[in-house]
Amino acid sequence: MGSMIGSGIFIVAADIARGTGSPALLIGAWLVTAVMTIIGALSYGELAAMMPKAGGQYIYLREAIGPLWGFLYGWTLFLVIQTGTIAAVGVAFGKFLGVFFPSIAADHWLIHIAHVPPIPVGPMVLGNMDIGLSTANLTAILIITLLTALNSMGVRLGALIQNIFTSAKIFALAAVVLFGLLARNATAIAANFSNGNFWKGAGWNDLHAVQQGASGPTVLIGLVTVLAVVQVGSLFSADAWNNVTFTAGEVRNPKRNLPLSLVLGTGTVLLLYILCNFIYLAVLPLHGDPQGTTIMARGIQYASQDRVATAVMEQAFSGYGSRIMALAILISTFGCANGMLLSGARVYYAMSQDGLFFKAVGKLSPKTNTPTVSLWVQWFWTCLLCLSGSYGQLLDYVIFAALVFYILTIAGIFILRKKQPDTPRPYKAIGYPVLPAVYIAMAAWVSYVLLRYKPQYTWPGLILVLLGVPVYMVWKRQAAEA
């Protein structure tokens with residue numbers, strides 16, 4: 001739960017609303033995410049209980065499909081998925097701290113090295129980022145350093161911090177729901193729910209405009225396709241649900257607690273996410289004007305800087321709402337970064353144990369029994385991403401790459417049932433084989449749609465994954481020679 005809840009839930013509703021143009025489809029996008037994520041958690045529970053080892057999904061892919069696929073997942077996790085997300089939430093922490101301390105800002109440069117201009121490459125646009133040290137990314141680096149140091153002191157301390165901030169961020173999300181309920185607006189309710197407005201644009205025959213690629217033509221797509229297109233935002237907000245499996249080697253009674261935490265964690269978070277989006281619709285009209293001068297005029301679609309939750313709280317507490325929401329997001333991003341730092345290092349540790357990463361990363365601290373070197377290697381790369389400004393672009397590529405590995409991992413349940421039929425399975429995937437097959441079908445459809453309509457997000461992700469193949473060959477050869 002702590003790793004799942006970051007800043008996405010407070011922001012991505014604006015992009016989904018622009019993509020769908022329908023209150024029903026805004027909720028529908030989150031329902032699709034909820035169904036996929038909960039089925040994924042129910043399925044991963046079997047693998048987690050069967051192989052309760054540090055590394056989680058890396059181990060499952062290695063055992064089911066082969067060491068190359070495990071490595072490609074760990075490679076992508078290190079290069080983009082985990083470190084890019086940590087960098088992004090760290091910089092988000094800095095930006096929202098700027099609400100209280102205006103000198104902390106993404107454009108307040110201490111050292112500005114260069115601006116990389118946009119570089120069109122086929123359907124993609126690379127570059128378009130600033131390299132240097134701003135007060136916002138300096139704050140991110142300081143927070144990431146602090147959390148890495150604390151996690152190096154032992155998993156108990158890291159878990160304590162995680163528990164405190166997870167509780168705080170769940171309270172913050174619940175507060176958005178409660179205060180939003182009290183601040184419900186008759187104009188917004190009429191615009192979003194009255195006279196059939198909720199279902200407008202959600203019919204089977206309704207068409208939605210989407211641009212193919214960064215500069216391609218605008219095409220019209222139907223209901224099922226548009227729900228897949230907008231999954232970039234909602235799936236990203238719900239991602240990291242699998243992170244608890246990375247720490248399996250340090251979980252008490254993992255055969256019971258891992259499946260339980262997967263199901264209860266994802267279920268609770270996604271219920272809160274759906275409730276939050278209903279609150280957004282009860283306080284703000286979905287449709288808005290990008291040139292609007294008031295919160296109501298801009299609506300959900302064009303909330304200032306896409307900060308929908310901030311707009312809701314500002315509507316509820318005029319003059320104070322932005323500060324209240326900034327505090328909630330500071331708590332949320334701090335806890336999210338801690339959870340991802342704690343869990344990610346365990347994957348690189350497991351890779352090193354297999355001879356597929358730097359040898360020192362596979363060592364545990366004799367004092368704390370934690371993978372200290374792995375934590376600091378992760379810290380180094382994450383800080384470079386903060387300085388490079390590339391984390392935002394890398395995150396655009398995360399969901400497609402993550403989906404591919406989720407599909408392969410859940411397919412691994414079918415493979416392992418045949419390869420290792422006698423291996424003890426303290427928990428078996430609920431609904432097997434139907435629910436895992438449903439997940440694979442849904443995720444495959446979303447992946448296909450993203451490949452076709454959002455190539456600027458998909459092809460770079462595939463390239464990043466495939467770059468890991470020659471790297472794997474080098475590590476494998478070195479391991480064989482050792």
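**Exercise 1. Charge.** In this predicted model, how many positive and negative side chains does the protein have, and how far apart do the centres of the two sets lie?

*Solution.* Count each set: 27 side chains are positive and 15 are negative. Then take the centre of each set; the two centres are 9 Å apart.

**Exercise 2. Overall form.** State the secondary-structure content of the protein, and judge its compactness from the radius of gyration.

*Solution.* The protein contains 19 helices and four strands. For 482 residues the globule rule gives 23 Å, and the radius of gyration is 22 Å, close to that value, so the protein is as compact as a globular protein of that length. The C-alpha trace spans about 65 × 55 × 45 Å along its principal axes.

**Exercise 3. Interior and surface.** Describe burial, contact range and accessible surface for the protein.

*Solution.* Of the 482 residues, 55% are buried. Take the contacts between residues at least 6 apart in sequence: 77% of them join residues at least 24 apart. The accessible surface is about 19500 Å², and carbon and sulfur atoms account for 67% of that area.

**Exercise 4. Gln 231.** Is Gln 231 buried or exposed, and which residues is it in contact with beyond four places in sequence?

*Solution.* Locate the residue: Gln 231 belongs to helix H9, which covers residues 231-238. Its relative accessibility is 0%, and buried means under 20%, so Gln 231 counts as buried. Leaving aside neighbours within four places in sequence, its contacts are Ala 29, Val 32, Thr 33, Phe 236 and Val 446. For Ala 29, look at the atoms: its backbone oxygen lies 3.1 Å from a polar atom of the Gln 231 side chain.

Methods. Residues numbered from 1 in each chain as written. Predicted model: local features only at pLDDT ≥ 70, side-chain atom pairs only at ≥ 80, totals over all residues. Heavy atoms only, no water. Helix = DSSP H or I, 4+ residues; strand = E, 2+ residues; numbered from the N terminus. Buried < 20%, exposed > 50% of the residue type's maximum accessible area, 1.4 Å probe, protein only. Polar contact = N/O pair within 3.5 Å; in protein donor to acceptor, adjacent residues only side chain to side chain. Contact = heavy atoms within 4.5 Å. Rg over C-alpha atoms; globule rule 2.2 N^0.38 Å. Areas by Shrake-Rupley, 256 points an atom, 1.4 Å probe, with all protein chains shown as cover. Lys, Arg positive; Asp, Glu negative; His and termini not counted. Charge placed at Lys NZ, Arg CZ, Asp CG, Glu CD.
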